[in-house]
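Colleague: Could you take a close look at one part of this model for me? I'd like to hear how the helix packing and the ring contacts look there.

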Amino acid sequence: MAEVDLLRSLPKPKRNIQKRSEAKDPAVIAIAKQYGEMYWDGPREYGYGGYRYDGRWRAVARDIIAHYGLAAGMKVLDVGCGKGFLVKDLMLECPGLEVFGLDVSLYAILNAPEELAGRLHLGTAEKLPFPDNAFDCVISLNTIHNFPRPRAIKAMAEIERVSKTNKSFVVVDSYLTEEQKAVFESWVLTAEFYGYPDEWIAVFEEAGYTGDWNWTIIE
């Protein structure tokens with residue numbers, strides 16, 4: 001396992017921490033956790049505030065392809081793929097790469113790019129509907145923290161199970177200081193388990209995960 005930043009090319013999102021904190025209440029959180037239209041394309045206080053394809057994942061796709069030596073004919077899975085934008089861009093950047101996604105949100109899958117029809121599966125990371133060693137690379141970005149800790153361990157074990165090698169990459173919410181933790185807790189809507197890096201690494205080890213990781217830190 002190794003810490004590696006494969007999302008370094010993404011533009012930094014603009015976050016109004018104070019506005020989110022003031023708007024956040026149990027009703028807003030409950031709606032966000034449905035992962036429906038309000039979460040993806042509703043007002044910002046419920047989630048993304050409009051999640052649309054703009055090509056920003058293409059540079060990330062190039063970095064993932066280069067880092068893991070992906071090539072045509074290999075199979076890749078994006079766990080928690082949302083609307084499948086990274087799935088699309090991985091295939092654009094590496095023609096012939098077989099890329100698939102899985103997400104718990106039916107709304108996201110139904111609103112994915114048309115060319116991804118048949119590639120995105122409805123399901124949960126805790127029980128991936130694929131055989132052992134099915135993929136050459138497995139990716140999961142900002143998804144596993146949406147489970148309580150025991151279920152996060154199950155999801156990480158599933159990622160390990162369906163990967164042929166240690167070519168996996170997971171990004172989860174974390175923080176390095178008490179100040180960053182306070183900012184995170186003011187912003188977060190859907191995360192069930194989160195912690196300092198050493199707490200996450202303990203989860204990875206308990207799951208038997210052998211891939212790479214990085215953190216989403218809100219500042």
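Modeller: Here is a walk through one helix and its surroundings, followed by the aromatic contacts. Keep in mind that this is a predicted model.

Let's start with helix H8, residues 178–187, where Gln180, Phe184 and Trp187 are buried. These three cover an arc of only 65° around the axis, so they end up on the same side of H8. That fits the usual helix geometry: an α-helix has 3.6 residues a turn, so residues three or four places apart point the same way. Turn to the other side of H8 and you find Glu178 and Glu179, both exposed. As for what the buried side leans on, the buried residues of H8 pack against helix H1 (17–23) and strand S5. Trp187 has another partner worth a look: Arg20 lies over the face of its ring, 3.7 Å from the ring centre.

Now follow S5, which spans 168–173. Ser168 belongs to this strand, and with 0% relative accessibility it counts as buried, because the cut-off for that is under 20%. Leaving aside residues up to four places away in sequence, Ser168 touches Tyr68, Val138, Ile159, Ser163, Tyr209, Gly211 and Asp212.

One of those contacts, Ile159, takes us to helix H7, where Ile159 is among the buried residues. The others buried in H7 are Ala152, Ile153, Ala155, Met156, Glu158, Glu160 and Val162. Note that two glutamates, Glu158 and Glu160, are in that buried set. Their cover includes S5 again, along with strand S1 (75–79), strand S4 (137–141) and helix H9 (197–207). The length of H7 checks out too: 14 residues, 149–162, should span 20 Å at 1.5 Å a residue, and the end C-alpha atoms are 20 Å apart, so the two agree.

Last, the rings. Counting ring centres within 6.5 Å of each other as a pair, the model has 20 aromatic pairs. Take Tyr35 and Tyr39: their ring centres are 5.1 Å apart and their planes stand at 85°, which is over the 60 degrees needed, so the pair is edge-to-face. Both of these tyrosines are buried. Ring pairs also tie Tyr35 and Tyr39 into a cluster with Trp40, Tyr48, Tyr51, Tyr53 and Phe85. Within that cluster, Tyr53 has a charge for company as well: the charged end of Lys88 sits over its ring, 4.0 Å from the centre.

Note on methods. Residues are numbered from 1 along each chain as its sequence is written. This is a predicted model: local features need pLDDT of at least 70, side-chain atom pairs count only at pLDDT 80 or more; totals for chains, interfaces and linings use all residues. Side-chain values use heavy atoms; hydrogens and water are left out. Rings of Phe, Tyr and Trp (its six-membered ring) pair if their centres lie within 6.5 Å; planes under 30 degrees apart count as stacked, over 60 as edge-to-face and the rest as tilted. Buried means under 20% relative accessible area, exposed over 50%, partly exposed in between (1.4 Å probe, protein chains only). A charge sits over a ring if NZ of Lys or CZ of Arg is within 6 Å of the ring centre and within 35 degrees of the ring normal. Helices (H or I, at least four residues) and strands (E, at least two) are DSSP runs, numbered from the N terminus. The expected span of a helix is 1.5 Å times one less than its number of residues. Contact means heavy atoms within 4.5 Å. The arc is that of the directions from the helix axis to the C-beta atoms.
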